[in-house]
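Take a moment with the sequence and the 3D view below. Then follow the chain step by step.

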Amino acid sequence: MTKESIEKIIDSKRLPKDELDRFWDNLWGFFPATIFLLAGLGPLMSSKTTMTTQSILVVLSVGILVFAYTLYAKLTERNLKVVKTGLSRNENESLIKLISKEENWKRQTNRKYFLSFNFPFFKFHYGFKLTLIPTDHGILINPRNRGTVQARMPYQLGIETIKQRAIENTIKHYAKKGI
């Protein structure tokens, strides 16, 4: 990855496509959402159903919401979030290396100003790919669900939000402590 491509990522605050964006993995990740949607459409299209109109609308609404959330999560999963540290770019890179060593994060890539780690979902199960990009005054972060099988849903029902907040708090804690 070149310095120019990293600067482009920083300017757009969006990661480029990578190994987590394979078409078939993502297609199978939409399978549960599609099942929910079809479960709602089936009784609506059938002339012979024992479900009431209200029940059909509830099931259809849940199907639409699950499918819409899956689509939204997929479209926004590569967005980067800024964690303000007040440190220079080099200090932020040193901070990332210190945190990763102290927190036992398994490094996946180690390029100048672009670091990614396998981050545990549970102990010994690397369920997230954590990308950290140091900038002046902050660190851009992005945790993405890796999935455990070929089908990779772009979310884990809020667990990624909890992990992201924990990472943000860890970065802020170490930044306050100093390098």
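What follows is a walk through the fold, from the overall plan to single residues.

Keep in mind that this model is predicted. Start with the whole chain. The protein chain has six helices and five strands. Along the sequence they come in the pattern α-α-α-α-β-α-β-β-β-β-α. Of its 179 residues, 40% are buried. The chain exposes about 10800 Å². Carbon and sulfur atoms supply 61% of that area. Now look at contacts with a separation of 6 or more: residues 24 or more positions apart account for 61% of them.

Next, find the sheet. It is an open sheet of five strands in the order S1-S5-S4-S3-S2, and the pairing is antiparallel. Which strands lie at the edges? They are S1 and S2, since each pairs on one side only. From one strand to the next, the twist averages 25 degrees. In general, strands of a sheet pair through backbone hydrogen bonds, either parallel or antiparallel. Zoom in on one pair here. S1 and S5 run antiparallel and are joined by four bridges. Within this region, Lys81 stands opposite Ile141 in S5.

Two helices lie across this sheet. H5 crosses S2, S3, S4 and S5, and runs at about 150 degrees to S4. H6 crosses S1, S3, S4 and S5, and runs at about 155 degrees to S5. Take each helix in turn.

H5 has 14 residues. At 1.5 Å a residue it should span 20 Å, and its end C-alpha atoms are indeed 20 Å apart. Which residues of H5 are buried? They are Arg89, Asn92, Glu93, Leu95, Ile96, Ile99 and Ser100. Seen down the axis of H5, these buried residues fall within an arc of 155 degrees, so they line one face of the helix. What do they pack against? Their partners are helix H1 (3-12), strand S2 (106-111), S3, S4, S5 and H6.

One residue of H5 deserves a closer look. Arg89 belongs to this helix, which covers residues 89-102. Is Arg89 buried or exposed? Its relative accessible area is 15%. Buried means under 20%, so Arg89 counts as buried. Leaving aside residues up to four places away in sequence, Arg89 touches Ile6, Glu7, Ile10, Tyr113, Pro134, Thr135 and Asp136.

Now turn to H6, which spans residues 159-177. It has 19 residues. From first C-alpha to last, H6 reaches 27 Å, close to the 27 Å expected at 1.5 Å a residue. Its buried residues are Glu160, Gln164, Ile167, Glu168, Thr170, Ile171, Tyr174 and Ala175. Down the axis of H6 they fall within an arc of 160 degrees, so they line one face of the helix. The face turned away from this buried side carries the exposed residues Ile162, Arg165, Lys176 and Lys177. The buried residues of H6 pack against H4, strand S1 (81-84), H5, strand S3 (114-119), strand S4 (128-135) and strand S5 (138-145). After H6 comes Gly178, whose phi is positive, near 95 degrees.

Compare a helix from earlier in the chain. H3 runs over residues 31-45 and has 15 residues. It reaches 20 Å from its first C-alpha to its last, close to the 21 Å expected. Ala33, Gly40 and Pro43 are buried in H3. They cover an arc of only 115 degrees around the axis, which puts them on the same side of H3. The face turned away from that side carries the exposed residues Leu38 and Met45. What covers the buried residues of H3 includes helix H4 (53-76).

Finish with two loop residues. Most residues other than glycine have a negative phi. Asn104 is not a glycine, yet its phi is positive, about 60 degrees. Where is Asn104? It sits in the loop between H5 and S2. Asn104 is exposed, with a relative accessible area of 60%. His137 is not a glycine either, and has a positive phi of about 75 degrees. Its place is the loop between S4 and S5. His137 is exposed too, with a relative accessible area of 55%.

Definitions and conventions: Residues are numbered from 1 along each chain as its sequence is written. This is a predicted model: local features need pLDDT of at least 70, side-chain atom pairs count only at pLDDT 80 or more; totals for chains, interfaces and linings use all residues. Side-chain values use heavy atoms; hydrogens and water are left out. The expected span of a helix is 1.5 Å times one less than its number of residues. Buried means under 20% relative accessible area, exposed over 50%, partly exposed in between (1.4 Å probe, protein chains only). The arc is that of the directions from the helix axis to the C-beta atoms. Contact means heavy atoms within 4.5 Å. Accessible areas come from the Shrake-Rupley method with a 1.4 Å probe; for residues, only the protein chains shown count as cover. Two strands pair if DSSP finds at least two bridges between them. Axes are lines fitted to C-alpha atoms, for helices over the stretch in contact, and angles run from 0 to 180 degrees between N-to-C directions.
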